[in-house]
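Me: I should like a close look at a single part of this model, with its surroundings then set in the wider context of both chains. Please give one connected account.

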Amino acid sequence: MLSLIGILIVVVGFILRINPLLVVTVAGLATGLAGGLGPLEVIAAFGKAFITSRYVAIVWLVLPVIGLLEHAGLKERARTVVGRLHAATTSRVLLVYFALRQITAALGLTSLGGHAQMVRPLIAPMAEGAAENRYRELPEKTRFRIRANAAAVDNIALFFGEDIFIAIGSILLIRGFLDQNGIHVEPTQLAIWAIPTAICAFVIHCTRLLFLDRKIRNEIAEKADRT
Amino acid sequence: MITLEHIYWLTGLMMAGVSIVNWRDRSNPRRFNNTAFWGIYAVTFLAGTYLPDLVSGVLVIGMVLVASIRGLGQGRGESATRDEREASAARWGNKLFIPALAIPILTVLGTVLFKKITIGGSPLVDVKQVTVISLAIATLIALTIGLLMLRPPLSAPIREARRLLDAVGWAAVLPQMLAALGALFAIAGVGNVVSGLAQRWIPLDHPSAVIATYAIGMAVFTMIMGNAFAAFPVMTAGIGLPLIVQKFGGDPTIMSAIGMLSGFCGTLMTPMAANFNIVPTALLELPDENAVIKVQIPTALLLLAANVLLMNFLVFRH
């Protein structure tokens, strides 16, 4: 039971909005101590785990080129391009990206997306640009809502697309785990049974996206009323 | 052979550059904090493989203290005004998309091709890490294209990286920190305690109740751990296999496939999955760090309900 103290620290820390790095570190050290490690052992275990997880930070290597292109007007260009498509609305831009992201992920092409590479420089400016095109100036609240939706589309389409591809990490993990327990399953079977949920994800989230244009329109009208 | 280690050196060099640019920037009131933070981070990339674990641990704690005691600052924002960027965008037109789109396209090409390229019998890149290495190489090529095309001063890429990385701030390190937390959870056996609690307190004598417990448990446990991969073995060994498969005769393939996806519903709802949920709010400069989670919660809950229904419907049909 004592080993659950880390979870408690994380929950309380996030609620109190203490710096998450500090919260997570304290939670990690406390969990290690509760699990019976000595103080120096805990620090060493934390350091070792941090070092072996460095691969998650490699995505930051894209920042120099993305920054360079932003300086040269990449976001502005993405907005202009969308502005020329008269049928483009925020909902439609995000729907198209959702479909592309989910399909390519299902084919194993999970790298055709990502927040640093695609959402910040291209997708979010396009989704914002589609709304700006219609309403000129957007209130900040609306601008932030559109950006958050762009990030959510990238996540949801990825999560519920990639599991249809047989060589993805989660399928390999399931297979390995079941193998250890004496149950042999085929990766193709696992991938097939991910399809019903993938379809539900598409239907649910795309339906919600269809309402986004209306929400944006209401927020603009609300602001116009007040001024 | 190109391995992950080489990519770490490259990342370390970039972090060191970011640290140096911060050191020289007097417009940032907390420039020495930023210098120390990214500087220590650079050391973990450049030397991490060779450092004793205890030294790494002390370095990490040093970073956390720098980031949380007085906090990181930012230099003055954009390097060009909006008008300048509009003018540049008009000048370069759609050519600007070439380097940007080169990153994902070359990454995908690399993951396919590098597996086939061998030099003297050994592969050119470490096949196990092919995606990450491809991403790094694709980025270098895209940067070269960008530099040849735009001809900025040579220090521009690292100054731009500094601008973006400082905008993201400490959130850039959070995913890695959470992965470390997950490792300590595993050492302390947190998973077994949680699944033990679930087994003791939840009525598990009806198939539908068990399925709901398994799917919702996957989501909740994923929210706690920040990662469905950590939740899956614990929940499946604790509830899925003994009850759904052995006691009620459910199909393990369908159960596992939908169980994992129920976990992904949890990923959408937790700040612990920082690289998906917190990092983008920093990257997109949103004031509310839970903004992305708030958008995702309705979809996640509806989809979790759909998963419970699907599993009920499908798992006993064979």
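Reply: The part chosen is E219(A), which is found in helix α12 (residues 212–226) of chain A. The model is a predicted one, and the description below should be read accordingly. E219(A) is partly exposed, since 17 other C-beta atoms lie within 10 Å, and residues count as partly exposed when they fall between the limit of 12 or fewer for exposed and 20 or more for buried. Leaving aside its neighbours within four places in sequence, E219(A) is in contact with P139(A), K141(A) and T142(A). A further link in space concerns L138(A): E219(A) and L138(A) are 81 residues apart in sequence, yet their C-alpha atoms are 9.1 Å apart.

The loop between α7 (115–135) and α8 (140–162) of chain A contains R136(A). Phi of R136(A) is positive, near 60°, although the residue is not a glycine. R136(A) is exposed, because only 8 other C-beta atoms lie within 10 Å, against a limit of 12 or fewer.

Chain B offers a parallel case. R151(B) sits in the loop between α6 (130–150) and α7 (156–168) of chain B, and its phi is positive as well, about 45°, in a residue that is not a glycine. R151(B) counts as exposed because it has 9 C-beta neighbours inside 10 Å.

Another positive phi, near 55°, belongs to R17(A), which follows α1(A). Within helix α1 (residues 5–15) of chain A, the buried residues are G6(A), I9(A) and V10(A). These residues lie on the same side of α1(A) because they cover an arc of only 100° around the axis. On the other side of α1(A), L8(A), V12(A) and I15(A) are exposed. The cover over the buried residues of α1(A) draws on both chains, and includes α2 (20–34) of chain A together with α8 and α9 (190–201) of chain B.

The contact between the chains takes 107 residues from chain B and 95 residues from chain A. On the side of chain B, the largest share, 13 residues, comes from helix α8 (residues 174–188) of chain B. The residues on that side of chain B divide into 79 nonpolar, 23 polar and 5 charged.

Helix α2 (residues 31–46) of chain B also packs against both chains: its buried residues meet α3 (39–52) of chain A together with α1 (4–23), α3 (53–69) and α7 of chain B. Among the buried residues of α2(B) are F37(B), W38(B), Y41(B) and F45(B). The helix has 16 residues and reaches 22 Å from its first C-alpha to its last, close to the 22 Å expected at 1.5 Å a residue.

As a whole, chain B has 15 helices and 2 strands, and its C-alpha trace spans about 70 × 45 × 45 Å along its principal axes. Of its 318 residues, 52% count as buried. Among contacts in chain B between residues at least 6 apart in sequence, 72% join residues at least 24 apart. Chain B is divided into domain 1 (1–169) and domain 2 (175–314), and the C-alpha centres of these two domains lie 32 Å apart.

Definitions and conventions:
Residues are numbered from 1 along each chain as its sequence is written. Chains are lettered from A and ligands numbered from 1 in the order in which they are written. This is a predicted model: local features need pLDDT of at least 70, side-chain atom pairs count only at pLDDT 80 or more; totals for chains, interfaces and linings use all residues. Helices (H or I, at least four residues) and strands (E, at least two) are DSSP runs, numbered from the N terminus. Two residues are in contact if their C-beta atoms, placed from the backbone, lie within 7 Å. Ala, Val, Leu, Ile, Met, Phe, Trp, Tyr, Cys and Pro count as nonpolar, Asp, Glu, Lys and Arg as charged, and the others, Gly among them, as polar. Domain bounds come from an automatic or database domain assignment. The arc is that of the directions from the helix axis to the C-beta atoms. The expected span of a helix is 1.5 Å times one less than its number of residues.
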